[in-house]
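Thanks for coming. I have one structure today, and I will go through its side-chain contacts by type.

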Amino acid sequence: MSLSPDPETAPGGPSNGHLRLAAIGDLHVGENHPHPYRDLFSRISQEADVLALCGDLTNFGKTPEAEILAEDLQALSIPVVGVLGNHDFECGQPQEVARILHEAGVKLLDGEAYEIDGVGFAGCKGFIGGYGRYMLSAFGEPEIKAFVQASVDENLKLESSLRMLRTERTVVVLHYSPVQDTVMGEPPEIFPFLGSARMGETIDRFDGVKCVLHGHAHRGAYEGRTPRGTPVYNVAKPVLNRDLGIEYALFDV
């Protein structure tokens, strides 16, 4: 799998029989910003075969925000897969946000899997919990156990979606990070709130995963790897803009 770091110069269409995949997270669409991504989506359609959206698609999970994004998504002429992020839950109506985006053509991953032109897409939002020996365990008060169980439940969704696929090439789409590598740059005190190593361990049990995409860590690092060596990319919009000087990442899978 290769990365084309400059979408402005990368040729459109499949490359050497591969799927050209554009990816971006953390759009944070607000309700007072008309058509914030229409032009970007139109350009992506000319450069890529599929678009992956890695959560925090809206700013507060409000219906008008989702509707604005849905309108801009009509500029796309390629398939779209995606996951919700924590911001999309803020107003307590993630199902409504998901409905609006689904009707706009987004194949949302929440334990589901999709195959597009021979490439499998698996994923879910993911959750927090920490990394390595600092990963929180289900010990002590019921509140802690419930917290850890939420992380375990998201990980089970990820595992379920991966098991559904029989493709030789798979892309995992998340919001939270499955590795510590791509949250480096954030304050260490909040590492446990940026993702969980449980997801990385699950990904490493499956062959054929070519890359993992996530967002959420605005001040994190662009690239990392799972313990088994699968590439992980933090495609949060602030990271792409700041570290690479691009509006979206572009891969050949």
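Which residues form one aromatic cluster? They are F127, F147 and Y176. Before I go on, please keep in mind that this is a predicted model.

Let me stay with the aromatics. The structure holds five aromatic pairs. One of them is F127 with Y176: the ring centres are 6.1 Å apart and the planes stand at 70°, so this pair is edge-to-face. As for where they sit, F127 is in the loop between β7 (119–123) and α4 (142–163), while Y176 is in the loop between β8 (169–173) and α5 (197–203), so the pair ties together parts that are 49 residues apart in sequence. F127 and Y176 are both buried.

Another pair is Y233 with F251. Here the centres are 4.9 Å apart and the planes are at 50°, so the pair is tilted. Y233 belongs to strand β11 (residues 231–234) and F251 to strand β12 (residues 249–252), so this contact ties together parts that are 18 residues apart in sequence. Y233 and F251 are also both buried.

One more ring to mention is F89. The charged end of K125 sits over that ring, 5.4 Å from its centre.

Next, the cysteines. How many disulfides does the structure hold? Zero. C124 is in no disulfide, and the nearest cysteine sulfur to it, that of C54, is 12 Å away. C124 has 0% relative accessibility and so counts as buried.

Why is there no bond from C211 to its closest cysteine sulfur? That sulfur is in C54, and because it is 9.3 Å from the sulfur of C211, it is too far for a bond. The cut-off applied is 2.5 Å between the two sulfur atoms. C211 is buried as well, with a relative accessible area of 0%.

Now the salt bridges. A search of the whole structure finds 13 of them. I will take three pairs and then a network.

The first one I picked is E31 with K62, whose side chains meet at 2.8 Å, N to O. E31 is in the loop between β2 (20–24) and α1 (38–47), and K62 is in the loop between β3 (50–54) and α2 (63–73), so the bridge ties together parts that are 31 residues apart in sequence. Are these two buried or exposed? E31 is partly exposed, at 36% relative accessibility. K62 is partly exposed too, with a relative accessible area of 28%.

Then there is R38 with D72, where the closest N and O atoms are 3.8 Å apart. R38 lies in helix α1 and D72 in helix α2, so this pair ties together parts that are 34 residues apart in sequence. R38, at 33% relative accessibility, counts as partly exposed, whereas D72 is buried, with a relative accessible area of 0%. The cut-off for buried is under 20%.

The last of my three pairs is R43 with E247, a salt bridge of 2.3 Å, N to O. This pair links distant parts of the chain: R43 is in helix α1, E247 is in the loop between α6 (237–244) and β12, and they are 204 residues apart. R43 is partly exposed, with a relative accessible area of 29%, and E247 is partly exposed with 36%.

As for the network, E96, R99 and E103 are joined into one by salt bridges that share partners.

Let me come back to helix α2, where D72 sits. Which residues of α2 are buried? They are E65, A66, I68, L69, A70, D72 and L73. As a reminder about helices, an α-helix has 3.6 residues a turn, so residues three or four places apart point the same way. And what do the buried residues of α2 pack against? The partners are α1, β3, α3 (94–103) and β5 (106–108). So α1 and α2 meet in this packing, and the R38 to D72 salt bridge also runs from α1 to α2.

One residue left, N155, in helix α4. N155 is buried, with a relative accessible area of 10%. Leaving out residues up to four places away in sequence, N155 touches R198, M199 and T202.

That is what I have. I can put any of these pairs back on the screen.

Note on methods: Residues numbered from 1 in each chain as written. Predicted model: local features only at pLDDT ≥ 70, side-chain atom pairs only at ≥ 80, totals over all residues. Heavy atoms only, no water. Buried < 20%, exposed > 50% of the residue type's maximum accessible area, 1.4 Å probe, protein only. Phe/Tyr/Trp six-rings, centres within 6.5 Å; stacked < 30°, edge-to-face > 60°. Helix = DSSP H or I, 4+ residues; strand = E, 2+ residues; numbered from the N terminus. Lys NZ or Arg CZ within 6 Å of the ring centre and 35° of its normal. Salt bridge = Lys/Arg side-chain N within 4 Å of Asp/Glu carboxyl O. Contact = heavy atoms within 4.5 Å.
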